[in-house]
Amino acid sequence: MNKKFNLSIRNRLLIQLSCVAFAISLCLFLITRIVVLQAITATQDGLLTAAIQSVIDKIYVVENSVSVDLPYDTFSLLGAVGEDRIFYRIDDNGQFLTGYSDFPMPHKFGNIQEPEFSNVEHKGERLRIAATENIVFAMDKRHELRIIIAQSQNFQKSIATKISSNLVLITLFFFMTAILFAFLTANLTIKPIYLFATDVKMRGPNNLRKVSSDVPTELKPLAQSLNEFISRFRSTLRQTETFIAEAAHHIRTPLSVVKSESELALRKSKTPENRERLRTIIKSVDQTNRSASQLLDHAMVLYRAERPETEEFSILYAISEIVTQFKLAADLRDLDLTFSTDASPTQTVNLDRTLFETSVRNLLDNALKYALSETTIIIEFKKTKHNFQLTIKNQYSSAPFLDQKQLYKKFKRGEQTGEIIGSGLGLSIVMEAVSAIGASIEIRKTKGDIVCATLLVPY
Amino acid sequence: MRYLISTLLIILHINVAVALTIETNHSYGAAKTVSDLRILSSTDIDVFAPVLRAYSALNPAVSITYSTASSSDIYRAVSNAEHDFHLIMSSAMDLQMKLVNDGFAKPVSFLERVNLPDWSHWQNKLYGFSLEPIGMVVSASHFNEGDLPNTRRELVSFLRANQANFSRKIVTYDVTSSGAGFLFATQDARQSNSFWRLAEVMGGLAPHLSCCSGAMLDAVNQGEFLLAYNIIGSYAEKRSRLQKNLRVIYFQDYTHMLLRTVFIPRNVTNTASANDFLTFLLNDVGQNFIEQETDMLSLRSDVLTDNPHYKPIRLDTGLLVYLDRLKRQRFLDEWSSALIQ
């Protein structure tokens, strides 16, 4: 991918809109300037027309010749605005009558109402000329009077300069405003994309719900494709889980048959060798059976993680019930189970109860399995500032090194599991369940070979 | 101040190559073969000398030559580019305006910020530097204090009532030969119709027509004439202090204010000395000096605000109109028929 492709949509929009704003501002400036110059030229032409008309008004006949009584105020006014230079010339039947004899006559002449206008360079000055032809009769003699009045363009220049400087400010203001709007537009345009991306980014690893279809039309194909993909992925995942669950279920039934048959055979077996083999078989069957159960549990946790069924329940009761259930198993293993709490039974949480109980059960199961015989498993439940905290402590003969990275991996078992039956799925199930309900788990070794598991459940 | 005959010839486009007639030459500052600053002016040295002395005192290293000539001679010399002056000064506003309009002036670059009233300059080329009220001078011994006319209407009535006393006793500019006289008369005609009535009345009294204000003032002082119409204030005031019989009157219907103007001619290559002098002349130092130490009025003079009937002649392209061949001829014809009966 080249750099240009990497440019953010917002910056692209911003650059494009700024370019457009600049182009429009420039056009605005140029067009307005042209219009202003045209308006100023029109004003000057109007002034020259009025001047020529007032000169024509002052043409009079003396005997058989014509004369002109130049109007003072007209000439005064012509130079009033921009202190413009003025030149004029009047010819009678092609003969110079008065004015500036060296001023070149233009080729075209208009009439009184509409003089002919042109520009000429004369004596180092650019001049605007109004030229008119007027017929006068004196003693039956036809006099063709050609009148020109030329004015320099200081007036035009000074007004154009004034307006241009104002125009620059106006254009600049327009441009800055356009840039501001471009910025806002870019942000507004990018917002749905940003929201969509955030929505996708913020979902948990097991959240396979459809993304919201409430997106702009342009993003609909993307959302649709994403949803189709999620849907396919979910269905594949479910098929896999169903397959595993069913496989586990199908294995468990024949396994119980194998186990009961083996136990029967063990009772009847006389030779110590056979009894030993049968015990090995029974142990393997137990192992397999437990793995199958854990697989079922795991599949269930994954399934529920996907669509948790939240309910409000007393967390203390839920834990107490589980602890009670484990009392018997603990007695069988010569373990003491103590449960202490400072929480009130009225304190409730709103989450998937099955997932919560599965995680607690698995933790206790682990504690029972690995605890040193004739020790006490201490269960504490209390309410902290932000969480409910459940701590389970059990004593090892020599507590193993706990590799936090490996701890929650599927089918990974600790170093000192030895003869203890287990599948390596327990903690991975706990992890899945805990993250599904938004809780967290920490297992660490403390002084005196005590392993402490801490489950933090938010209110 | 002297206005000579050639104005008319120039306006009539009779381009006779006549050498510039310098009337007086005065030098100030350091003595050099070729002066650093050469001024051609129509203003009498008596009136302008204090300004030159003040500038020279501030800039002793600069050598100045002040040459006087008639306004029409000045016009001709500049329009033919037959001169080597750095500054052109004249009280003939219309001729100065025409020279600048026709492209014979250079833009002025002031060496410091100069605050000028808008009406006192045209573009950045032609600058007015002093104001002059145009008045009437009478022989005081021939008037009772209560009889002195304050308006042109009163003057007309007064002359009508005293025809016998004033016959051949009135003097004014010969507008055909005097550029300043022509300017004053045309501005009068433009300002008010009462001018032509006054001209008719004066014409009936067989007035004497003169070229120059100095001669007119002397004649009035000596009682040769009783009344001189359209005289430049600074000259009249100066003379009236020496010649006690002179009484200057500024009319209350309107009193025109002449603007003495100056520009740098186009053919000047080194404008530094001219720019420096103009900066001095037009900034606060120069203007305050003119106001306090000379008989001229500065551009910032309180006279204008204190006297609403004082009307400066506008420095604009309207001034070109009476220089038009036909317009001028028409005016002179009417003036002649009124004054010369």
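Here is a walk through a two-chain model, from a sheet in chain A to the chain contact and then into chain B. Keep in mind that the model is predicted.

Let's start with chain A and its open sheet of 5 strands, which are antiparallel in their pairing and follow the order E4-E3-E7-E6-E5. At the edges sit strand E4 (95–99) and strand E5 (116–122) of chain A, each of which pairs on one side only. Going from one strand to the next, the twist averages 30 degrees. For a closer look at one pairing in this sheet, take strand E3 (residues 86–92) and strand E7 (residues 141–152) of chain A: they are joined in the antiparallel sense over 7 bridges. A handy place to find this pairing on screen is A:Ile90, whose bridge partner in E7(A) is A:Ile147.

Now for the place where the chains meet. Chain B brings 16 residues into contact with 17 residues of chain A. On the chain B side, helix H14 (residues 325–339) supplies the largest share, 4 residues. What's the chemistry of that side of chain B? Its residues split into 4 nonpolar, 5 polar and 7 charged.

Next, into chain B itself, where strand E3 (residues 64–68) is a good one to follow. All 5 of its 5 residues are buried, so the strand is largely enclosed by the rest of the structure. B:Ile64, B:Tyr66 and B:Thr68 point one way from E3(B), while B:Thr65 and B:Ser67 point the other way, and both sets are buried.

E3(B) has strand partners to trace as well. Strand E1 (residues 24–28) of chain B runs antiparallel to E3(B), with 5 bridges joining them; here B:Asn25 stands opposite B:Ser67. Strand E2 (residues 37–41) of chain B pairs with E3(B) in the parallel sense, over 5 bridges, and B:Ile39 stands opposite B:Tyr66. To get from E2(B) to E3(B), the chain passes through helix H2 (residues 45–58) of chain B, making a right-handed β-α-β crossover.

Last stop: a helix pair in chain B. Two packed helices are described by the angle between their axes and the distance between the axes. For helix H11 (residues 272–282) and helix H12 (residues 284–293) of chain B, the axes come within 4 Å and cross at roughly 55 degrees. H11(B) and H12(B) are therefore oblique to each other. Which residues meet here? B:Phe280, B:Leu281 and B:Leu282 from H11(B) meet B:Val285, B:Gly286 and B:Gln287 from H12(B). By type, the residues of this contact come out as 4 nonpolar, 2 polar and no charged.

Note on methods:
Residues are numbered from 1 along each chain as its sequence is written. Chains are lettered from A and ligands numbered from 1 in the order in which they are written. This is a predicted model: local features need pLDDT of at least 70, side-chain atom pairs count only at pLDDT 80 or more; totals for chains, interfaces and linings use all residues. Two strands pair if DSSP finds at least two bridges between them. Axes are lines fitted to C-alpha atoms, for helices over the stretch in contact, and angles run from 0 to 180 degrees between N-to-C directions. Two residues are in contact if their C-beta atoms, placed from the backbone, lie within 7 Å. Ala, Val, Leu, Ile, Met, Phe, Trp, Tyr, Cys and Pro count as nonpolar, Asp, Glu, Lys and Arg as charged, and the others, Gly among them, as polar. A residue is buried if 20 or more other C-beta atoms lie within 10 Å of its own, exposed if 12 or fewer, and partly exposed in between; C-beta atoms are placed from the backbone. A crossover is right-handed if, with the strands pointing away from the viewer, the path from the first strand over the helix to the second runs clockwise. Angles under 35 degrees count as roughly parallel, over 145 as roughly antiparallel, 65 to 115 as roughly perpendicular and the rest as oblique.
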